[in-house]
Structure formats: structure tokens, C-alpha cells
Amino acid sequence: MNVSIKSLAIGAVFAGMVVAAPAVAQSDATPRHGIAAGDVLLRVRTILVAPNEKSGSVIPAFPGEHVSVNNSFMPEVDVTYMATDHIGFELIASTTKHHADGRSGTTGSIGKLASTWVLPPTLTAQYHLNPTGKIRPYVGAGVNYTIFWNEKASDGLVAAVGSTDVRMKDSFGWAAQAGVDIDITPKVFLNLDVKYIDIDTTARLRTAAAGTQRVAISLDPLVFGVGLGIRL
């Protein structure tokens, strides 16, 4: 009788292990939502760069005349590395084209004065508030180094003052952001993001007829982004 009971007990344990094994395997294979330390997040966004520009005068020839800078749409790619479950480091890369326009007086009559491409690599440290959830808001702060490249005088400016060489000074500043990731699948998510980037520059216009003119510009854009991300 004792042998039968022992045999039945061993059989029951073995059967339990057989039944439990597929359940454990299924649990391990279930895709997880959210993020964790060591994850790499890749996002592709469409961004609107909207400068909050403040311009000094175009000096020395046109005191009291200021410039404005247009908005620009462009794709953006960024990568975030999660150092912990809550803390990530994001690096963004995108370049946008903008032009500076005269607002009044002589420069206002010319209109578009010059154009430039702007490349502002920005590194932010982020805090993710709900890393294991399907909706994950975050805030961040960091630094950027803005590079101005391919600066060109407009046809209107060249027609008014002759051959013109345009240079814009690169800028180092701070950045802040807020955003949210919303899971579509366990790995793919919708992203909404807004950044403020501190960008200050001085444009130098070396002209044939009016000599060298300079104008200080604080761009300080808000960058609104919407796109998709994937947890690699």
C-alpha cells in the first residue's frame, strides 16, 4: 500500500511538471510592455521648428531695423538609451532650413535677406514616470550645440547691395523637453514630444555696396514632434 501511494505521488508530481512547463514557457515568451534598464529606443518624428526669435538691429548701416525667422518642418531621428528603468539619455539629429527676412525700412523692402541650414545636435537626460506602463510620460533637460551651414544671401539682397558673403556663428546652449510614449504593440509606440532649445547667433553679411553688417539673433525655438518609436 505504501509503495502504491509513493508511486501515485511521484506520478502526480511528474504530471504537474509536464502541465506547468508549457505555461512557464508561454509566460516567458509573452512580449512585455514598457521599458527597462538597458533598452534602446529608436524614434522617427516629423518636427515643426518654430523660432521665438528676438533680433537686434542690422548694424551699423540700418539701426532700428530687425529680422524675423520662419518656421520649418523636417523629419528627425533620435536614439534613447535607458540607463535605469526611469532614466534615459536621448540624442537627436535633424537639420532644418530657415531664412531671415527684413521687417521694416530698407531691409524690410528687400524681404528675404539670407537662408541657412541649422543642425542642432541635442543631448538630454530624461526621467520616465511610468516605465512599465503602456502610456509613459517623460521630462528631460540637457545641452545642444547648434551648427549653421550652407548660409546664402538671397537674390533680393544680392540685387540690392551686390555680392554678399553670409556667415552665422555656431551656438552652445541648453534644452528642455516633455513628451509621452504610447504603446501600439509591445515594441512599437506613438511618440509626442516638445522641446525648447536655447540658440543664439550673430549673422555677418559682408556686402559689396554696404560693407559688413551684423545682426544678433536669439532663435530659441520650440520644437514640436510626432512620430513612431520602436524598442530594439
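**Figure 1. A salt bridge joins Arg45 and Asp193 in this predicted model.** The closest N and O atoms of Arg45 and Asp193 are 3.5 Å apart. The pair links distant parts of the chain. Arg45 belongs to strand β1, residues 40-50. Asp193 belongs to strand β12, residues 188-197. In sequence, the two lie 148 residues apart. Arg45 is buried, and Asp193 is buried too.

**Figure 2. Arg45 and Asp193 are part of a salt-bridge network.** Arg43, Arg45 and Lys195 are linked in this network with Glu76, Asp78, Glu90, Asp181 and Asp193. The structure as a whole holds 13 salt bridges.

**Figure 3. Strands β1, β4 and β5 pair in succession, β1 with β4 and β4 with β5.** β1 runs antiparallel to β4 (residues 72-82), and 10 bridges pair them. Within this pairing, Arg43 has Asp78 of β4 as its bridge partner. Arg43 and Asp78 also appear in the salt-bridge network. β4 is joined in turn to β5 (residues 87-93) by six bridges, again antiparallel. Here Val79 has Leu91 of β5 as its bridge partner. The connection from β4 to β5 is a hairpin through four residues. In a regular strand, side chains alternate between the two faces of the sheet.

**Figure 4. Asp183 and Arg136 form a buried pair, joined by a salt bridge.** Their closest N and O atoms are 2.9 Å apart. This pair, too, links distant parts of the chain. Asp183 sits in strand β11, residues 171-183. Arg136 sits in strand β9, residues 135-153. The separation along the chain is 47 residues. Both side-chain owners, Asp183 and Arg136, are buried.

**Figure 5. Arg204 and Asp165 meet through their side chains in a salt bridge.** The N to O distance is 2.9 Å. Arg204 is in strand β13 and Asp165 in strand β10. These are distant parts of the chain, with the two positions 39 residues apart in numbering. Is Asp165 buried or partly exposed? Asp165 has a relative accessible area of 27%, so it counts as partly exposed.

**Figure 6. Four strands, β2, β14, β13 and β10, form an open sheet in that order.** The pairing is antiparallel. β2 (54-55) and β10 (164-168) are the edge strands, and each pairs on one side only. β10, at one edge, carries Asp165, the salt-bridge partner of Arg204 in β13. β13 covers residues 200-207 and β14 covers residues 212-218. Seven bridges hold the β13 and β14 pairing, which is antiparallel. Among the paired residues, Asp200 has Ser218 of β14 as its bridge partner.

**Figure 7. Asp198 lies in the loop between β12 and β13.** Which residues does Asp198 contact, leaving aside its neighbours within four places in sequence? They are Asn144, Ser171, Gly173, Trp174 and Asp220. Ser171 is 27 residues from Asp198 along the chain, yet their C-alpha atoms are separated by 8.6 Å. Is Asp198 buried or exposed? Its relative accessible area is 15%, so Asp198 is buried, the cut-off being under 20%. The loop that holds Asp198 follows β12, the strand that carries Asp193.

Methods. Residues numbered from 1 in each chain as written. Predicted model: local features only at pLDDT ≥ 70, side-chain atom pairs only at ≥ 80, totals over all residues. Heavy atoms only, no water. Pairing = 2+ DSSP bridges. Salt bridge = Lys/Arg side-chain N within 4 Å of Asp/Glu carboxyl O. Buried < 20%, exposed > 50% of the residue type's maximum accessible area, 1.4 Å probe, protein only. Contact = heavy atoms within 4.5 Å.
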